[in-house]
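Grab a pencil and work through a few short exercises on how a ligand is held. Each task comes with a solution to check yourself against.

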Amino acid sequence: MISPDSGRDIVARHFQDIFRTAATVFSRAPGRVEVLGNHTDYNEGVVLSAAIDREVWIAAGKSSSSECRAASTQFPEPVTVKEILPQKGTNAWINYPVGVYKVLKDRGFPVQPFTMAIHSTVPLGAGVSSSAALEVGTALALCSLYDIKIDPTELAKICQKAENSFVGMNCGLLDQFSSMFGKAGRLLFIDFRSLDHEAIPMAGSDITLAITLSGVAHALVAGEYNSRRHECFEAAKFFAVKDSTVKTLRDISMQQLLAAKSELNPQFFKRAMHVVGEDERVFSGMQLLKKGSIKEFGQLLYQSHESSMHNFENSCKELDILVDIAKSIDGVYGSRLTGGGFGGATLTMMRSDARENFEKVIKREYRKQTGRDTTVHFAKIADGASIIA
Ligand code: ADP
Ligand code: MG
């Protein structure tokens, strides 16, 4: 694990190297892992998530010109943006910080052009939301730089808006919210209707989370994501026509859904089964965690994955294989795909003393069954984003 000081030091040096001056403000924002509650956020449902000890570090200063400039240790060239328009190709990574800047500006906050260095230990495109970490870290840094006070819930929404409207990814609020509000050693329960949240202690301190990368990046992720979203809204619409109080799938119980099976388009029915089922699993999961019933909690992770396979159809062969291998390993409580799906990563919850064997077995078996290599990131549950002195 990178200690807080070393991340700050690296980004401070990078800023100095590129901009030949010292940064004024520093922030950090963690990646996140969705533990339970898949594709529930945009359906105003509930989720259990965790901020993890992989983080983006930001060093920022005011720009002396009308241009925004950013440099990332992950990309070879600094990028300069004169007009605030989305960049394409190799420079597209700057859309995340510039998007946050633009949304703040559009909302009337007194932000001005910035210079920024970025360093990160969040793996990119691996399903642990390096993008939200970058947005949230940027938002905190810009607010500190220009002395802007915004409630953190509002700020998370501003980051989401940046990703939706400037980057063009129609994500829900889960990623930004988890990066903002995570609490070390606890799972974050979030209700996406009220935006209430609660940090739930994990009974038993010997639990380790593993994020296992399938190495599969589905080319159509954004398209698939948007079509699932649409199908969920269509399923909710079916109920809303009969009852105007229904706004989203959050308003539908499992009983109502099952009763409507013969009338509802079968595709929409399956999507709704997943979302409504996930909400139920999150509520029961929260009770189980509070009682310290980790084994039963782990079963909910397997059920969630089954539902992804058959109802939401956002799994793939490689993710299924990872979950199957995990299930066979001693000390594993549960495993499921995490994040959008269609490739990406699985989340596995295990006894800490199972780590070594888990890594050895999953690497060997995954290679044997798929011909691919996997990377395992063991994560501690970390605190949400902050400004660093
Ligand atoms: P995920 O959020 O699951 O990691 P995304 O595709 O949503 O995957 O976001 C990854 C993108 O975010 C990268 O391709 C890059 O454009 C941007 N990004 C994330 N971390 C950094 C970083 N440290 N420096 C520059 N850009 C970054
Ligand atoms: Mg992302």
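**Exercise 1.** How do the residues of the shell around ligand 1 divide into nonpolar, polar and charged?

*Solution.* Keep in mind that this is a predicted model. Sort the shell by residue type: eight residues are nonpolar and eight are polar. That leaves the charged class, and no residue of the shell falls into it.

**Exercise 2.** Find the residues that come nearest to ligand 1, then look for polar atoms facing the ligand.

*Solution.* Start with the 16 residues around ligand 1; the nearest are Ser72, Gln74, Gly125, Ser130 and Ser131. Now go through the atom pairs, using a cut-off of 3.5 Å for a polar contact.

- Ser72 puts a polar side-chain atom 2.7 Å from a nitrogen atom of the ligand.
- Gly125 uses its backbone: a polar atom there is 2.8 Å from an oxygen atom of ligand 1.
- Ser131 has a polar side-chain atom 2.9 Å from an oxygen atom of the ligand.

Last step, the surface: ligand 1 taken alone exposes 560 Å², and the protein buries 80% of that.

**Exercise 3.** Where does ligand 1 sit, and which element gives the most to its shell?

*Solution.* Check the pockets and you'll find the ligand in the largest one. Two elements give two or more residues to the shell, β5 (114-120) and α3 (130-145). Of the elements, α3 gives the most, with three residues.

**Exercise 4.** Zoom out and describe the whole protein.

*Solution.* Count the secondary structure first: 11 helices and 12 strands. The radius of gyration is 21 Å, close to the 21 Å from the globule rule for 389 residues, so the protein is as compact as a globular protein of that length. Finally, the C-alpha trace spans about 65 × 50 × 40 Å along its principal axes.

Technical notes:
Residues are numbered from 1 along each chain as its sequence is written. Chains are lettered from A and ligands numbered from 1 in the order in which they are written. This is a predicted model: local features need pLDDT of at least 70, side-chain atom pairs count only at pLDDT 80 or more; totals for chains, interfaces and linings use all residues. Side-chain values use heavy atoms; hydrogens and water are left out. A residue is near a molecule or strand if one of its heavy atoms lies within 4 Å of it. A polar contact is a pair of N or O atoms within 3.5 Å; within protein, one must be able to donate a hydrogen and the other to accept it, and residues adjacent in sequence count only if both atoms are side-chain atoms. Accessible areas come from the Shrake-Rupley method with a 1.4 Å probe; for residues, only the protein chains shown count as cover. On a 1 Å grid over the protein atoms alone, a cavity is a set of points where a 1.4 Å probe fits but cannot get out, and a pocket is an open set with protein on both sides within 12 Å along at least five of seven lines; lining residues have an atom within 4 Å of a point. A molecule sits in a cavity or pocket if more than half of its atoms lie within 2 Å of its grid points. Helices (H or I, at least four residues) and strands (E, at least two) are DSSP runs, numbered from the N terminus. Ala, Val, Leu, Ile, Met, Phe, Trp, Tyr, Cys and Pro count as nonpolar, Asp, Glu, Lys and Arg as charged, and the others, Gly among them, as polar. The radius of gyration is taken over C-alpha atoms; the globule rule is 2.2 Å times the number of residues to the power 0.38.
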